[in-house]
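Trainee: Got a minute to go through some labels with me? I'd like to see how each one follows from its cut-off.

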Amino acid sequence: MSEELVVRQCAPTLAGIKTGSLFSCPCDSPEELRQEVRRINRLLAGKGLCLLPLRFDGGRALLYLYRPSRLRQDLEDAEAVRLLEESGYPCHSAGQCVACLIRRLRESEEFPHEIGVFLGYPLEDVVGFIRNRGRNYTCCGYWKAYGDPEAAQKRFDQYRRCTAACCEQFRKGTAITQLIAA
């Protein structure tokens, strides 16, 4: 896994405009990937970010880059907590919620669509996706939106611009650590 992949897949999280990003990468050796995750986490140390391998499956790994402080803030929303608790999450701490998410991803046959809460998606879109089983959305971009399509499109555009800018800076030699917003 390269730093370039992290920048390309996680720019809005690196830039501080999104709670978390989920991405997959090839993985021939889980242990080698864990070593690479540790290396990247050393770069991120003190920058308010954490990279976690969530699941290994069929030669691929699913990874989660997030801002723990932002997730804690998101979990202060009573509706988000209610949704997660109804899904069986222990919402005593963000860390416990992340640990439960990892267990669900590794042990359950069904994908936990409440993961949108961990990514910073609008709660109405997370709930809408679950209730509508992925159908009847108002627009689609980085996720399926169920609320105001214009507001969602503005956010999708912001993420696209951020990703393009971060990737361009990285290609020009800017270190990943310099792309991280405080």
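Trainee: Why does Gln158 count as partly exposed?

Mentor: Keep in mind that this is a predicted model. Gln158 has 34% relative accessibility. Buried means under 20% and exposed means over 50%, so at 34% Gln158 counts as partly exposed. Gln158 sits in helix 8, residues 149-171. Its C-alpha is 9.0 Å from that of Ile17, though the two are 141 residues apart in sequence.

Trainee: And what makes Thr138 partly exposed?

Mentor: Thr138 comes out at 39% relative accessibility. That value falls between the 20% and 50% cut-offs, so Thr138 counts as partly exposed. You'll find Thr138 in the loop between helix 7 and strand 4.

Trainee: What makes the link between the Thr138 side chain and the backbone oxygen of Gly147 a polar contact?

Mentor: The Thr138 side chain reaches that oxygen at 2.9 Å, and the limit for a polar pair is 3.5 Å. Leaving aside neighbours within four places in sequence, Thr138 is also in contact with Ala145, Tyr146 and Pro149.

Trainee: Switching to helices: why is helix 4 called roughly parallel to helix 7?

Mentor: The axes of helix 4 (residues 78-86) and helix 7 (residues 123-132) cross at roughly 30 degrees and come within 10 Å. Angles under 35 degrees count as roughly parallel, so helix 4 is roughly parallel to helix 7. The crossing is left-handed.

Trainee: Which residues make that contact?

Mentor: Helix 4 brings Glu79, Ala80 and Leu83, while helix 7 brings Leu123, Val126, Val127 and Ile130. Six of the contact residues are nonpolar, one is charged and none is polar.

Definitions and conventions
Residues numbered from 1 in each chain as written. Predicted model: local features only at pLDDT ≥ 70, side-chain atom pairs only at ≥ 80, totals over all residues. Heavy atoms only, no water. Axes fitted to C-alpha atoms, helices over the stretch in contact; angles between N-to-C directions. Helix = DSSP H or I, 4+ residues; strand = E, 2+ residues; numbered from the N terminus. Parallel < 35°, antiparallel > 145°, perpendicular 65-115°, else oblique. Left-handed = near helix turned anticlockwise from the far one by under 90°. Contact = heavy atoms within 4.5 Å. Nonpolar A, V, L, I, M, F, W, Y, C, P; charged D, E, K, R; others polar. Buried < 20%, exposed > 50% of the residue type's maximum accessible area, 1.4 Å probe, protein only. Polar contact = N/O pair within 3.5 Å; in protein donor to acceptor, adjacent residues only side chain to side chain.
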